[in-house]
Amino acid sequence: MLAVENISFGYPSAGDLLTDLSFSVAKGDVVCLLGPNGAGKTTLLRCLLGIAAVRTGSIKIRGRKIGSIPARELASDLAYVPQAATTVFPHRVLDMVVMGRTPHVGFTAVPSDEDYAMAEAALSELGIAHLADCLFSRISGGERQLTLIARALTQRAGLLIMDEPTSSLDYGNQVRILRVIDRLAKQGYSIIMTSHFPNHAFLLCNKVLIMKNGKITAIGTPEEIVTDSILSDLYTTKVKIVEIDDGVSKQLKVCVPLLA
Ligand SMILES: Nc1ncnc2c1ncn2[C@@H]1O[C@H](COP(=O)(O)OP(=O)(O)OP(=O)(O)O)[C@@H](O)[C@H]1O
């Protein structure tokens with residue numbers, strides 16, 4: 001679905017911030033991008049979205065270079081789910097979600113009844129249909145994140161790019177969002193998400209990219225590469241991976257930071 005080949009990126013008159021990154025994303029993949037602050041995760045997402053133009057290499061979606069795809073067409077392949085910041089504009093939740101139809105209807109056109117029906121269906125799919133008439137600025141952080149995911153679903157793109165989808169959410173809401181991501185992947189969506197929580201990789205990702213100083217230093221399954229030594233090196237702090245019984249059917253790995 002997505003093929004990233006040897007890309008480098010830097011801001012004008014500065015050196016490379018991302019160096020020679022390559023990876024691929026298949027249908028149904030949930031890819032977790034792990035790395036410390038400043039590693040270049042958001043910058044990489046900006047390149048994938050075509051907001052930042054790469055210096056070298058190529059990013060292809062379904063075989064086409066993203067630079068050659070008109071923005072509106074690209075939006076039917078890629079949807080961005082930003083962090084759940086609030087907005088100063090008092091939009092209704094349903095109106096926020098129907099904005100996902102913008103690439104399909106155009107900036108000046110009014111969304112049709114069908115567009116609103118799609119937005120309502122996305123809200124129902126995520127269990128927040130009751131919020132349709134609430135103001136986005138007055139719902140909780142977890143509800144805002146679900147609203148932004150609903151907007152991406154309404155866009156009808158197969159690849160969802162999520163920047164720290166659980167940031168600033170409490171434990172229960174983090175798990176709710178992770179469950180939604182897991183369910184979407186099972187429906188065939190591909191997902192790339194950044195996270196500061198290696199446990200997320202164990203819980204729902206089938207592929208992990210380890211990023212440090214603008215480079216991908218390891219790619220693999222969580223079992224292969226989310227290890228004591230790689231995480232301790234990545235975050236320059238002692239980390240231990242332990243196995244627990246999840247109480248249902250399997251052993252689950254969890255990552256524990258050590259203070260000593
Ligand atoms: N507009 C810009 N101009 C120059 N440098 C920038 C710009 N935006 C970001 N950077 C630099 O790029 C580097 C990578 O930033 P980026 O936001 O991609 O990291 P990140 O891994 O997403 O970090 P975090 O986990 O803290 O969000 C940082 O050193 C940052 O200062």
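Which residue in S8 does Val 30 stand opposite? In this predicted model, the residue of S8 that stands opposite Val 30 is Ile 191, and the views below set out the surroundings of that pair.

**View 1. Strand S3 beside strand S8 in the predicted model.** Strand S3, covering residues 30-34, and strand S8, covering residues 190-195, run parallel and are joined by five bridges. Across this pairing, Val 30 faces Ile 191 of S8.

**View 2. The open sheet of six strands.** The strands follow the order S6-S7-S8-S3-S9-S10, and their pairing is mixed. Because strand S6 (78-81) and strand S10 (215-220) each have a single partner strand, they stand at the edges, and one side of each is left without a neighbour in the sheet. On average, and with direction ignored, neighbouring strands of this sheet are turned by 20 degrees against each other.

**View 3. Helices H6 and H7 packed on the sheet.** Helix H6, made of residues 141-155, touches S6 and strand S7 (159-162), and its direction makes about 170 degrees with that of S6. Helix H7, made of residues 171-186, touches S3, S7 and S8, and its direction makes about 155 degrees with that of S8.

**View 4. The contact between domain 1 and domain 2.** The domain assignment divides the chain into domain 1 (2-226) and domain 2 (227-259), whose centres, taken over C-alpha atoms, are separated by 26 Å. Eleven residues of domain 1 are in contact with ten residues of domain 2. On the side of domain 1 that touches domain 2, helix H8 (198-204) and strand S9 (207-212) each supply at least two residues, with H8 giving the most, three residues. By class, this side of domain 1 has eight nonpolar, two polar and one charged residues.

Technical notes
Residues numbered from 1 in each chain as written. Predicted model: local features only at pLDDT ≥ 70, side-chain atom pairs only at ≥ 80, totals over all residues. Domains from an automatic or database assignment. Contact = placed C-beta atoms within 7 Å. Helix = DSSP H or I, 4+ residues; strand = E, 2+ residues; numbered from the N terminus. Nonpolar A, V, L, I, M, F, W, Y, C, P; charged D, E, K, R; others polar. Pairing = 2+ DSSP bridges. Axes fitted to C-alpha atoms, helices over the stretch in contact; angles between N-to-C directions.
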